Amino acid sequence: MCHSRITGFFLAILVSLPILHSPRAAAETSGTIEQNFAGSLTAVPADNLAVSGSFYVPVYSSVSMSQGKLRADFSVTLSVHNASETRPLVLKRIAYFDTSGKVVESYLKTPIALKPFATIEVAIAATDVRGGTGANFVVDWAATAEIAEPAVEALMVGGVGAGHYAFISQGRPIRIVGKN
């Protein structure tokens, strides 16, 4: 990708930063996923959930800089997208872990179902540094039949001094590897 495209991408993100601090954005993150994204949700299917998977998403609520002498704190927005045009995607667990692997927060009390092509988000403020430099999410999902694999990613946004940074971390399917 050429330098001007990358610069344009980051400029677009930086220009949109004031939107993140609007009263509407603050209101959307104050409730539960079920409240904030009611329009994205549908009833959990009664049929057997025959297909399932999990995603691991590394995130960075804090990043060590200057050989550990400086810490930059970032807001984190986890997005889970149902990539299916026809089937609901059931989310069974969204859990946030800290650097030592301890659960910081679980975001679902019961499974929820995303409409086709719908998205939900979990937002963590830059002031919430409980996750640390090695934080991560685990997202467990399921469906009643063959389905397009969901897209799961996190956007980190923050700054140090006059510099502003934004970057994305893509979720990776959790697969067991090794000899049987």
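Colleague: In which sense do strand β5 and β9 pair, and over how many bridges?
Modeller: This is a predicted model. In it, β5 covers residues 89–97. One facing pair is Tyr96 and Phe137, the latter in β9. The two strands run in the antiparallel sense, over 7 bridges.

Colleague: β2 also pairs with β9; over how many bridges?
Modeller: Strand β2 spans residues 51–58. Within it lies Ser54, whose bridge partner in β9 is Asp140. The β2 and β9 pairing is antiparallel, with 8 bridges.

Colleague: Is strand β9 largely enclosed or open, and how many of its residues are buried?
Modeller: Buried means under 20% relative accessible area. In a regular strand, side chains alternate between the two faces of the sheet. On one side of β9, Asn136, Val138, Asp140 and Ala142 are buried; on the other, Phe137, Val139, Trp141 and Ala143 are buried too. The strand is therefore largely enclosed by the rest of the structure, its buried count being 8 of 8.

Colleague: What distance separates the side chains of Ser54 and Asp140 in their polar contact?
Modeller: Asp140 is the bridge partner of Ser54. Ser54 also touches Val139 and Trp141, along with Arg172, Pro173 and Ile174. The side chains of Ser54 and Asp140 are joined by a polar contact of 2.5 Å.

Colleague: Where does Tyr56 sit, and is it buried, partly exposed or exposed?
Modeller: Tyr56 belongs to strand β2. Its relative accessible area is 32%. Buried requires under 20%, and exposed requires over 50%. Tyr56 therefore falls in between: partly exposed.

Colleague: How far apart in space are Tyr56 and Arg172, C-alpha to C-alpha?
Modeller: Beyond its neighbours within four places in sequence, Tyr56 is in contact with Asn136, Phe137 and Val138, and also with Gln170, Gly171, Arg172 and Ile174. Arg172 is 116 residues away from Tyr56 in sequence. In space, the C-alpha separation of Tyr56 and Arg172 is 5.2 Å.

Colleague: Which residues touch the most other members of the largest nonpolar core?
Modeller: That core holds 33 residues. β2, β4, β5, β7, β8, β9 and β10 each supply at least two of them. The largest share, 5 residues, comes from β4. The residues touching the most other members are Leu91, Ile94 and Phe137.

Colleague: Which residues of β9 does Leu91 touch?
Modeller: Leu91 has contacts beyond four places in sequence with Val80, Leu108, Pro111, Ile112, Leu114 and Ile120, among others. β9 covers residues 136–143. From that range, Leu91 touches Val139, Asp140 and Trp141.

Colleague: In the hairpin of β3 and β4, which residue takes a positive phi?
Modeller: β3 (residues 62–65) and β4 (residues 70–81) pair in the antiparallel sense over 4 bridges. Ser62 stands opposite Asp73 in β4. The hairpin has 4 residues between the strands. The residue with a positive phi, near 50°, is Ser66.

Colleague: What phi does Phe117 have, and where does Phe117 lie?
Modeller: Phe117 is exposed, with a relative accessible area of 52%. It is not a glycine, yet its phi is positive, about 60°. Phe117 lies in the loop between β7 and β8.

Colleague: How far apart in space are Thr133 and Ser62, C-alpha to C-alpha?
Modeller: Thr133 lies in the loop between β8 and β9. Its relative accessible area is 37%, which means partly exposed. Beyond four places in sequence, Thr133 touches Val59, Tyr60, Ser62, Val63, Ser64 and Thr99. Thr133 and Ser62 are 71 residues apart in sequence, but in space their C-alpha separation is 4.8 Å.

Colleague: What percentage of contacts between residues at least 6 apart join residues at least 24 apart?
Modeller: The protein chain has 3 helices and 12 strands. Buried residues make up 35% of its 180 residues. Among contacts between residues at least 6 apart in sequence, the share joining residues at least 24 apart is 76%.

Colleague: Over which residues is the pLDDT below 50?
Modeller: The mean pLDDT of the protein chain is 86, and 83% of its residues reach 70 or more. One stretch falls below 50, and it has 12 contacts in the model beyond near neighbours in sequence. That stretch is residues 3–28.

Terms used. Residues are numbered from 1 along each chain as its sequence is written. This is a predicted model: local features need pLDDT of at least 70, side-chain atom pairs count only at pLDDT 80 or more; totals for chains, interfaces and linings use all residues. Side-chain values use heavy atoms; hydrogens and water are left out. Buried means under 20% relative accessible area, exposed over 50%, partly exposed in between (1.4 Å probe, protein chains only). Contact means heavy atoms within 4.5 Å. pLDDT is the predictor's confidence in each residue, from 0 to 100. Two strands pair if DSSP finds at least two bridges between them. A polar contact is a pair of N or O atoms within 3.5 Å; within protein, one must be able to donate a hydrogen and the other to accept it, and residues adjacent in sequence count only if both atoms are side-chain atoms. A nonpolar core is a set of buried Ala, Val, Leu, Ile, Met, Phe, Trp, Tyr and Cys residues joined through side-chain atoms within 4.5 Å.
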